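Welcome, and thanks for taking a look at this one. Have the viewer open as you read, so that you can follow each residue as it comes up.

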Amino acid sequence: MGIFSGREPKADFFGCFEEAARNNVEAANLLDQLCRDFRESDVMVARLHDLEHVGDAITHRVYASLHTAFMPPLDREDIIAIATGLDNVMDHIYEAADAMCVYNIAAPTEVARSLSAIIVRCADGVAALMPHLRSRTAMKRVQDGMVEIHRLENEADALLRKGVMELFHRPHDPTEIIAWSRIYETMEHVTDDSEDIADVLRGLVIKHG
């Protein structure tokens with residue numbers, strides 16, 4: 001049931017959020033699989049591209065519904081922020097995987113594998129939080145999940161720093177430095193996007209919890 005309404009609105013924004021979050025979980029797991037087995041990278045990246053299109057379609061549905069909704073269940077800016085955050089997660093997952101193919105890397109590094117594992121945990125965490133938006137009572141339960149996402153983002157920051165230091169402090173081909181610097185940064189952006197979503201949810205708890 002919507003927060004401001006006694007009945008479910010025609011536009012199921014919550015359903016869209018949950019669908020997008022599940023799509024992101026699938027994408028995060030594919031990225032993690034890619035980082036552990038790079039033999040069919042082209043196939044995996046193509047699958048991620050398909051998931052990105054699914055995410056775009058969900059985002060477009062949210063915006064189209066927002067144009068016609070008389071009284072949405074959350075403030076419009078919060079709906080936009082959540083939809084944008086979920087879309088950014090998907091975009092950066094795909095961008096990181098695609099960059100591995102574009103830069104023709106030989107194999108993912110240990111730092112990339114560690115970052116992909118964190119991305120899976122972030123995607124799982126965000127997906128677990130989405131159903132709590134459906135009611136005031138459930139919304140109060142999101143605090144622990146938000147704290148964990150913030151912790152994971154800090155862990156990803158430390159891994160990014162470690163990865164970049166290794167690139168510049170040990171002998172590497174300059175093209176390899178460019179490639180992995182961008183890939184690491186893009187992967188870390190996924191955790192930033194997840195933290196952005198958590199920050200929106202924190203604001204919702206304050207408003208409606």
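The report below goes from the overall fold to the core, the salt bridges and the surface.

## Overall fold

Please keep in mind that this is a predicted model. Its secondary structure comes to 7 helices and 0 strands, so the order of elements from the N terminus is simply α-α-α-α-α-α-α. Along the principal axes, the C-alpha atoms fill a box of roughly 65 × 30 × 20 Å. The radius of gyration is 18 Å, which agrees with the value near 17 Å expected for a compact globule of 209 residues.

Of the 209 residues, 50% count as buried. Among contacts with a separation of 6 or more, 83% are between residues 24 or more positions apart. The accessible surface comes to about 10100 Å², and 54% of that area belongs to carbon and sulfur atoms.

## The nonpolar core

In soluble globular proteins, nonpolar side chains tend to be buried together. Here the largest nonpolar core has 70 residues, and the members that touch the most others are Phe17, Ile82, Met130 and Met187. Two or more residues each come from α1 (13-36), α2 (41-68), α3, α4, α6 (143-169) and α7 (174-208). The largest share, 13 residues, is given by α1.

Phe17 is a good place to start exploring. Leaving aside neighbours within four places in sequence, phenylalanine 17 is in contact with Leu74, Ile79, Ile82, Ala83, Leu86, Met130 and Leu133. Two of these partners, Ile82 and Met130, are themselves among the residues that touch the most other core members.

## Two buried positions in the helices

Is asparagine 23 buried or exposed? Its relative accessibility is 7%, under the 20% cut-off, so asparagine 23 counts as buried. This residue lies in helix α1. Beyond its neighbours within four places in sequence, asparagine 23 is in contact with Leu51, Val54, Gly55 and Met90.

Alanine 198, in helix α7, has a relative accessibility of 1% and therefore also counts as buried. With neighbours within four places in sequence set aside, alanine 198 is in contact with Met146, Ile149 and His150. The C-alpha atoms of alanine 198 and glycine 85 are separated by 9.4 Å, although the two residues are 113 residues apart along the chain.

## Salt bridges

Side chains of opposite charge can pair when their charged atoms come close. The structure holds 13 salt bridges, and arginine 134 is a helpful one to look at. One of its partners is aspartate 12, at 3.8 Å from N to O. This pair links distant parts of the chain, with arginine 134 in the loop between α4 and α5 (136-139) and aspartate 12 in the segment before α1, 122 residues apart. Arginine 134 also forms a salt bridge with glutamate 18, whose closest N and O atoms are 2.7 Å apart. Glutamate 18 lies in helix α1, 116 residues from arginine 134. As for accessibility, arginine 134 is partly exposed at 24%, aspartate 12 is partly exposed at 35%, and glutamate 18 counts as buried at 13%.

Which parts does the pair of glutamate 19 and arginine 61 tie together? In this salt bridge the closest N and O atoms are 2.5 Å apart. Glutamate 19 lies in helix α1 and arginine 61 in helix α2, so the pair ties together parts that are 42 residues apart in sequence. Both partners are partly exposed, glutamate 19 at 29% and arginine 61 at 37%. Elsewhere, salt bridges that share partners join Arg121, Glu148, Arg151 and Glu155 into one network.

## The loop between α3 and α4

On the surface, Val102, Tyr103 and Ile178 form a nonpolar patch, with about 290 Å² of accessible area together. Tyrosine 103 sits in the loop between α3 (76-102) and α4 (110-129). With a relative accessibility of 31%, tyrosine 103 counts as partly exposed.

Asparagine 104 is found in the loop between α3 and α4 as well. What is its phi? Asparagine 104 has a positive phi of about 55° although it is not a glycine. This residue is exposed, with a relative accessible area of 65%.

Key. Residues numbered from 1 in each chain as written. Predicted model: local features only at pLDDT ≥ 70, side-chain atom pairs only at ≥ 80, totals over all residues. Heavy atoms only, no water. Patch = residues over 30% accessible without salt bridge, like charges linked within 9 Å, V, L, I, M, F, W, Y side chains within 5 Å. Areas by Shrake-Rupley, 256 points an atom, 1.4 Å probe, with all protein chains shown as cover. Salt bridge = Lys/Arg side-chain N within 4 Å of Asp/Glu carboxyl O. Helix = DSSP H or I, 4+ residues; strand = E, 2+ residues; numbered from the N terminus. Buried < 20%, exposed > 50% of the residue type's maximum accessible area, 1.4 Å probe, protein only. Core = buried A, V, L, I, M, F, W, Y, C linked by side-chain atoms within 4.5 Å. Contact = heavy atoms within 4.5 Å. Rg over C-alpha atoms; globule rule 2.2 N^0.38 Å.
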